[in-house]
Amino acid sequence: MTMPDVNAQGTVLGPDEVTLDNTDVDISELEFAPGFNRFYVGADAPTRNTSRNDTHWVGSLENRGLPYYCPVGWKRFSLKVAEGFGWEGCPICYHGTGGHNVAKIAKVGFKAHYLQHKDTFAYFTPSILYAAHPRYANIYKKGNVYTQVVLECRIKLERINMKGPETMAVKQQFTIDDNFPANQDLEFMVKPLRKDGHLGNYVLPSNGVVVSGIMVRSLLHDPADLPSSAWWFCWRAKNPRQFLRKKFYLPHDEFPNEADDEEDEVYGSN
């Protein structure tokens, strides 16, 4: 597959240019903690670690039991976390979603689904690259800017019921994230806690998972053109780019009639 000539991160907009305005996140329903906002830069940034907008580290930070790698090219809009949520033993992980879901998830929790693992789970990942697949994280196009939203979460280790490899039909064709060899341990599964003997539909903050921030990436290129996104096209057999644009890019009228429903053939399930 021939990829367009773009660098590893594309043309990433800077911290002052990355906003939630290009998405459909309802900010009126959220409580922010701007003192903890961050913008994450690459190792070659000349001003790295001179301010909160130039944050970078090499390798994995101590993350209370799980690996935590620098999410280069993303900006974190920090959210206030409900009092009483214990931080000890709560590492960071990610959950890709559409912006219209953010406020509801922050308030109500993560909806659990019965999928290929033959049980009801909410899904998380330690890799922001995996969370950024448009199947999870919609792509918003406004003018020539492409924007994605991923939720930064804190999760209590004991609430992780299962870990598993990718389920996007990548197999060994690509390494999705160099920090996770052989594409293993890219999915964390959390079951809702039972209420009055019945399985709930949502994983709640009281269940040990909370949204701590909104990660936003804005590019002057379609993120599908990034070398790190080559694996995106494994999930769909025919016309993968057109299929992704039709299903997961917003607004839909920017990408009319890109794919034929009769040709839809999807690999993987999750």
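Biologist: Which residue in E10 is the bridge partner of Phe-124?
Modeller: Phe-188 is that partner. Bear in mind that this is a predicted model. Phe-124 itself belongs to E6.

Biologist: What makes E6 and E10 a pair?
Modeller: Pairing takes at least two bridges. Three bridges join E6 to E10, so the two strands qualify as a pair. They run antiparallel.

Biologist: How do you know that E5 and E6 pair?
Modeller: They have two bridges. The cut-off is at least two, so E5 and E6 pass. The sense is antiparallel. One residue to look at is His-113, whose bridge partner in E6 is Phe-121.

Biologist: And what makes E9 and E10 pair?
Modeller: Three bridges do, against a requirement of at least two. E9 and E10 (residues 187-190) are antiparallel too. Lys-163 stands opposite Phe-188 in E10.

Biologist: What is the strand order of the open sheet?
Modeller: The order is E5-E6-E10-E9, four strands with antiparallel pairing.

Biologist: What makes E5 and E9 the edge strands?
Modeller: Each pairs on one side only. E5 covers 113-114 and E9 covers 162-164.

Biologist: What makes E6 mostly covered?
Modeller: Five of its five residues are buried. Thr-120, Ala-122 and Phe-124 point one way. Phe-121 and Tyr-123 point the other way. Both groups are buried.

Biologist: Why is Thr-125 called buried?
Modeller: Its relative accessibility is 4%. Buried means under 20%, so Thr-125 falls in that class. Thr-125 sits in the loop between E6 and H2.

Biologist: What lies around Thr-125?
Modeller: Leave aside the neighbours within four places in sequence. Thr-125 then contacts Cys-93, Tyr-94, Tyr-130, Ala-131 and Leu-186.

Biologist: How do you know that the backbone oxygen of Leu-186 is within polar-contact distance of Thr-125?
Modeller: That oxygen lies 2.6 Å from a polar atom of the Thr-125 side chain. The limit is 3.5 Å, so the distance passes.

Biologist: Now the second largest pocket. Which residues are closest to its centre?
Modeller: His-95, Gly-96, Thr-97, Lys-111 and His-113 are, out of 29 lining residues. The volume is about 630 Å³.

Biologist: Which helices and strands each supply at least two residues of that lining?
Modeller: The strands are E3 (92-96), E4 (110-111) and E6 (120-124). The helices are H1 (102-108) and H2 (128-131).

Biologist: How does the lining of the second largest pocket divide by class?
Modeller: There are 14 nonpolar, eleven polar and four charged residues. Lys counts as charged, which puts Lys-111 in that class. Gly counts as polar, so Gly-96 goes with the polar residues.

Biologist: How many cavities of 30 Å³ or more does a search of the whole structure find?
Modeller: One. The largest cavity has a volume of about 30 Å³. Its lining is Leu-129, Ala-132, Arg-217, Ser-228, Ser-229, Trp-231 and Trp-232.

Biologist: What makes one residue of that cavity lining charged?
Modeller: Arg is in the charged class, so Arg-217 is the one. Ser falls among the polar residues, so Ser-228 and Ser-229 are the two polar ones. The other four, Leu-129, Ala-132, Trp-231 and Trp-232, are nonpolar.

Biologist: Last, how much of the protein chain is buried?
Modeller: Buried residues make up 51% of its 270 residues. The chain has three helices and 15 strands. Among contacts with a separation of 6 or more, 73% join residues 24 or more positions apart.

Notes:
Residues are numbered from 1 along each chain as its sequence is written. This is a predicted model: local features need pLDDT of at least 70, side-chain atom pairs count only at pLDDT 80 or more; totals for chains, interfaces and linings use all residues. Side-chain values use heavy atoms; hydrogens and water are left out. On a 1 Å grid over the protein atoms alone, a cavity is a set of points where a 1.4 Å probe fits but cannot get out, and a pocket is an open set with protein on both sides within 12 Å along at least five of seven lines; lining residues have an atom within 4 Å of a point. Grid points are joined across faces, edges and corners, and a volume is the space filled by probe spheres set on the points. Buried means under 20% relative accessible area, exposed over 50%, partly exposed in between (1.4 Å probe, protein chains only). A polar contact is a pair of N or O atoms within 3.5 Å; within protein, one must be able to donate a hydrogen and the other to accept it, and residues adjacent in sequence count only if both atoms are side-chain atoms. Contact means heavy atoms within 4.5 Å.
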